[in-house]
Amino acid sequence: MTRSWTFTFLFLLSTLFGFAQPNPAQRDSLNKLTQADHQLMMQLLGIESLRPGPSGNPQAPNAANAEESRAKTYESVPDPLVFEDGREVKNPADWYKRSAELNELFDREMYGRTPENVPEVTWALIWEKDTVIGGIKTRYRKMRGNVDNSEFPSISVGIDFEYGVPRNVDKSVPLVMEFGWIWPVGMQRPPAPAGPSWLEQVLSQGWGFGIIIPTSFQADHGAGLRTGIIGLVNKGEPRKPDDWGTLKAWAWGASRALDFLETDPSIDSKKVVIEGLSRYGKAALVTMAYDQRFAMGLIGSSGAGGAKLLRRTFGEQVENLASSGEYHWFTPNFIQYAGPLTPNDLPVDAHELIALCVPRPVFISVGSPTVEGQWIDAKGMFEATVLAGPVYELLGKKPLSTQDFPPIQTFLDSGDLAFRQHEGGHTVGPNWPYFIEWARRYLK
């Protein structure tokens with residue numbers, strides 16, 4: 001990476017995620033850098049062209065399929081309880097060997113390998129204050145995780161994390177950690193839902209809350225792959241075919257925040273929940289699958305690349321994920337499944353990512369098809385959760401209570417896997433009370 005490329009990118013990044021809105025020329029420059037990196041990855045893999053993905057606009061000529069009768073274009077899915085050599089997984093000891101095999105497949109083909117030489121993180125207190133949230137006295141702290149960049153000083157990386165705990169509790173408490181958003185100046189935030197916020201609902205249970213900002217340590221576009229934690233480890237150079245993508249990097253950051261929480265006696269670090277929505281729902285599921293310390297997951301509308309079966313021809317497709325707008329979430333190797341290979345060639349699918357969370361409880365949340373739309377593919381996520389059930393049963397846990405896709409607003413809460421399609425749009429909001437009700441049995 002040249003000096004001028006670095007300075008250009010850092011200026012654009014600070015504009016995009018800092019205090020000013022990027023102008024059209026700056027956005028165009030970021031897009032060109034992203035396109036160039038995407039093309040470089042295709043050249044690295046020997047791919048000349050990719051199949052175009054469908055449109056998320058239902059009125060477009062190439063609109064994504066939203067008809068269930070046309071969704072099942074595959075004959076089978078990989079069996080999480082069968083080793084790659086054909087042997088069956090018969091007991092928990094076998095499963096832990098199989099889970100290592102699945103982690104390797106996801107690393108190589110989809111999410112990428114977390115490097116062994118990721119620098120250390122040192123946490124610093126930015127500020128601390130007492131406040132009141134929803135009538136509950138709360139200790140609120142803002143932290144900064146400074147990543148050691150002594151090996152490549154031209155890239156600085158820090159993890160923004162803030163958290164709060166109720167002050168009227170005299171014991172260590174569970175905590176719900178959310179992948180949160182930074183809203184650039186001038187961007188209109190979505191309207192807040194009616195009723196108590198998720199922070200208020202969590203605090204009312206005597207639990208703490210945490211918010212980690214993924215884009216503080218890895219930008220959400222392809223140009224950002226030459227900086228952030230991925231760029232720092234690679235010393236500004238392009239990724240290799242099986243290098244980690246942004247989802248895996250965001251999961252790494254959540255794990256470093258959990259490292260810090262383990263040092264705070266006010267937090268019960270064995271009862272930390274990870275939650276996210278949309279692309280951050282994908283990141284939350286990846287976090288659960290790779291870091292066994294997280295106790296539970298609330299996975300909101302994660303769709304393709306998260307909890308949705310990739311083999312279903314419904315809503316967003318692998319071709320969308322492998323495009324220049326989303327490829328950075330994954331390892332470069334994943335791009336080939338929209339080129340010479342197809343989703344049916346993938347050795348893994350979403351149900352096996354959910355299975356890697358066993359024995360810990362996972363709640364799959366999704367919105368209404370008429371409000372959120374069909375892009376997310378609620379049934380594809382439900383089916384993946386069903387297919388993860390046998391692994392949960394093998395380890396003595398309860399799967400979903402039915403294999404039939406339930407009517408909207410049905411709360412499937414009797415197992416260690418839970419599912420609810422709420423009445424709202426692209427949000428977790430309406431499902432927070434249901435998640436908290438379900439989670440109480442585990443976070444006593």
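This is a short chat about the fold and some local features of one predicted chain.

Trainee: What kind of model is this, and how are residues numbered?
Mentor: This is a predicted model: local features need pLDDT of at least 70, side-chain atom pairs count only at pLDDT 80 or more, and totals for chains, interfaces and linings use all residues. Residues are numbered from 1 along each chain as its sequence is written, and side-chain values use heavy atoms, with hydrogens and water left out.

Trainee: How many helices and strands does the chain have?
Mentor: There are 11 helices and nine strands. Both are DSSP runs, numbered from the N terminus: helices are H or I with at least four residues, strands are E with at least two.

Trainee: What does the radius of gyration say about the chain?
Mentor: The chain has 21 Å, which agrees with the value near 22 Å for a compact globule of 444 residues. The radius is taken over C-alpha atoms, and the globule rule is 2.2 Å times the number of residues to the power 0.38. The C-alpha atoms fill a box of roughly 60 × 50 × 45 Å along the principal axes.

Trainee: What share of the residues is buried?
Mentor: Of the 444 residues, 58%. Buried means under 20% relative accessible area, exposed means over 50%, and partly exposed lies in between, with a 1.4 Å probe and protein chains only.

Trainee: And how many of the contacts join residues at least 24 apart?
Mentor: Among contacts between residues at least 6 apart in sequence, 71% do. A contact means heavy atoms within 4.5 Å.

Trainee: Got a pair that is far apart in sequence?
Mentor: Take Pro58 and Gly373: 315 residues apart in sequence, but 8.9 Å apart in space, C-alpha to C-alpha. Pro58 sits in the loop between helix 2 (24-45) and helix 3 (92-111). Pro58 is exposed, because its relative accessibility is 65%.

Trainee: Switching to helix 11. Which of its residues are buried?
Mentor: In helix 11 (residues 432-439), they are Trp432, Phe435, Ile436, Trp438 and Ala439. They lie on the same side of helix 11, because they cover an arc of only 165° around the axis. That arc is of the directions from the helix axis to the C-beta atoms.

Trainee: What do those buried residues pack against?
Mentor: Several elements, including strand 4 (173-179), helix 4 (198-204), strand 6 (267-277) and strand 9 (417-421). Strand 7 and strand 8 are also among them.

Trainee: Now the backbone. Where is the cis peptide bond?
Mentor: From Val358 to Pro359, with omega near 5°. Pro359 lies in the loop between helix 9 (350-355) and strand 8 (362-366).

Trainee: What about Lys235: what is its phi?
Mentor: Near 55°, a positive value in a residue other than glycine. Lys235 is in the loop between helix 5 (228-233) and helix 6 (246-261). Lys235 counts as partly exposed, because its relative accessibility is 40%.

Trainee: Is Asn234, in that loop too, buried or exposed?
Mentor: Asn234 is buried, because its relative accessible area is 13%. Not counting residues up to four places away in sequence, Asn234 touches Arg239, Lys240 and Asp243.

Trainee: And what is phi at Ser301?
Mentor: Near 45°, again a positive value in a residue other than glycine. Ser301 lies in the loop between strand 7 (296-300) and helix 8 (318-321). Why is Ser301 called buried? Because its relative accessibility is 1%.
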